[in-house]
Amino acid sequence: MNAQTAAATTTSAPMPPLRRSTRQARAASRIVLTGFMGSGKSTVGPLLAGELGWTFIDLDAEIERRTGLTVPQIFSEQGEAAFRKEETAALAAVLGRTRTVIALGGGAPETLGNRLLLEQTPATAIVYLAAPFATLAGRCAEQSANVRPNFADPVAAEARFASRHPIYSRLAHVSIETEGLTPEDSAAAVLASVAVKTSAA
Ligand code: S3P
């Protein structure tokens, strides 16, 4: 496997460099995309799944399906802690599936239990789609402000980004710098960087 790790650049606050701290131990039966809001997980994921002939699961959509509520509704009616519980339950439920690409919500890796679930599920390749905060903020601004409760306050969002970047970087087997890449380019970069199991197992 050729891991692709690129140095991060930023147009706003400096980001610690991307680092690759773990190795993908064996060919993957599932690929998990992680990264901050706006990193393209939900756009790149279906492209990747399409290329592989695998299933795509968006964890936020799975939470919405399980609860019958939208993510903003869960945040406003029950609070973030309740959302995180649903997120862990949904992650545990989908992680057993093979030949699947899973897009995590941006906050999922902050929960220790979620990191343990991800690290301890065999044949799981974790890929960090990285981009500078300014780029992520620009992408999120193009979308409806109601979609992401945790991007409502840009100053708080940048602080979250600063604390999460090292978590994503440490958790992932592969980090891809997506600045300047199309979603198709990013999907191709993931495919070039991750060894996947080709049999139906
Ligand atoms: C969140 C990210 C969102 C969603 C929720 C909280 C976060 O997912 O899970 O709004 O805390 O970063 P995306 O990263 O897909 O936007």
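**Entry 1: the sheet**

I began with the strands and found an open sheet of five, in the order β2-β3-β1-β4-β5, with parallel pairing. I looked for the edges next: β2 and β5 (174-177) stand there, each with a single partner strand, so one side of each has no neighbour in the sheet. I also noted the turn between neighbouring strands of this sheet, which is 20° on average, direction ignored. The model I am reading is a predicted one.

**Entry 2: the two edge pairings**

I checked how β2 is held to β3 and counted four bridges, the two strands running parallel. Within that pairing I find F56 opposite V101 in β3.

At the other edge, β4 and β5 are also joined by four bridges and run parallel. Here V127 has V174 in β5 as its bridge partner.

I then asked myself whether the faces of β5 are covered or open. Both are covered: V174 and I176 are buried on one side, and S175 and E177 are buried on the other. I note that β5 is an edge strand with a single partner, while its two faces are covered.

**Entry 3: the whole chain**

I stepped back to list the elements. The chain has eight helices and five strands. Read from the N terminus, they follow the order β-α-β-α-α-α-β-α-β-α-α-β-α. Of the 201 residues, 39% are buried. Among contacts with a separation of 6 or more, 78% are between residues 24 or more positions apart.

**Entry 4: helix α1**

I compared the length of helix α1 (residues 41-52) with what its residue count predicts. At 1.5 Å a residue, its 12 residues should span 16 Å, and the end C-alpha atoms are 16 Å apart, which agrees.

Which residues of α1 are buried? I list K41, V44, G45, L47, L48, A49 and L52. For the spacing in such a list I keep a general point in mind: an α-helix has 3.6 residues a turn, so residues three or four places apart point the same way.

I then looked up what the buried residues of α1 pack against, and found the strands β1 (30-34), β2 (55-58), β3 (100-103) and β4 (124-130), together with helix α8 (183-193). Just after α1 comes G53, with a positive phi of about 75°.

**Entry 5: helix α8**

I followed α8 from there to the sheet. Helix α8 lies across β1, β4 and β5, and runs at about 150° to β5.

**Entry 6: helices α3 and α4**

I looked at helix α3 (residues 71-78) beside helix α4 (residues 80-94). Their axes come within 7 Å and cross at roughly 135°. How are α3 and α4 set to each other? They are oblique, because the crossing angle falls outside the ranges for roughly parallel, antiparallel or perpendicular.

From α3, the residues V71, I74, F75 and Q78 meet E80, A82, F83 and E86 of α4. I sorted the residues of this contact into five nonpolar, one polar and two charged.

**Entry 7: positive phi outside glycine**

I searched for residues other than glycine with a positive phi and noted R99, at about 45°. R99 is in the loop between α4 and β3. It has 19 C-beta neighbours inside 10 Å and so counts as partly exposed, since 20 or more would be needed for a buried residue.

I also noted A123, which is not a glycine and has a positive phi of about 60°. A123 is in the loop between α5 (112-120) and β4. With 15 C-beta neighbours inside 10 Å, A123 counts as partly exposed.

**Entry 8: where the two ends of the chain meet**

A123 turned up again when I looked at A27, a residue of the segment before β1. Beyond its neighbours within four places in sequence, A27 is in contact with A123, A195, V196 and K197. A27 and V196 are 169 residues apart along the chain, yet their C-alpha atoms are separated by 4.7 Å. A27 is partly exposed, with 15 other C-beta atoms within 10 Å.

I closed with T198, in the segment after α8. Is T198 buried or exposed? It is exposed, as it has 10 other C-beta atoms within 10 Å. The C-alpha atoms of T198 and A28 are separated by 8.9 Å, with their positions 170 residues apart along the chain.

Notes
Residues are numbered from 1 along each chain as its sequence is written. This is a predicted model: local features need pLDDT of at least 70, side-chain atom pairs count only at pLDDT 80 or more; totals for chains, interfaces and linings use all residues. The expected span of a helix is 1.5 Å times one less than its number of residues. A residue is buried if 20 or more other C-beta atoms lie within 10 Å of its own, exposed if 12 or fewer, and partly exposed in between; C-beta atoms are placed from the backbone. Two residues are in contact if their C-beta atoms, placed from the backbone, lie within 7 Å. Axes are lines fitted to C-alpha atoms, for helices over the stretch in contact, and angles run from 0 to 180 degrees between N-to-C directions. Angles under 35 degrees count as roughly parallel, over 145 as roughly antiparallel, 65 to 115 as roughly perpendicular and the rest as oblique. Ala, Val, Leu, Ile, Met, Phe, Trp, Tyr, Cys and Pro count as nonpolar, Asp, Glu, Lys and Arg as charged, and the others, Gly among them, as polar. Two strands pair if DSSP finds at least two bridges between them.
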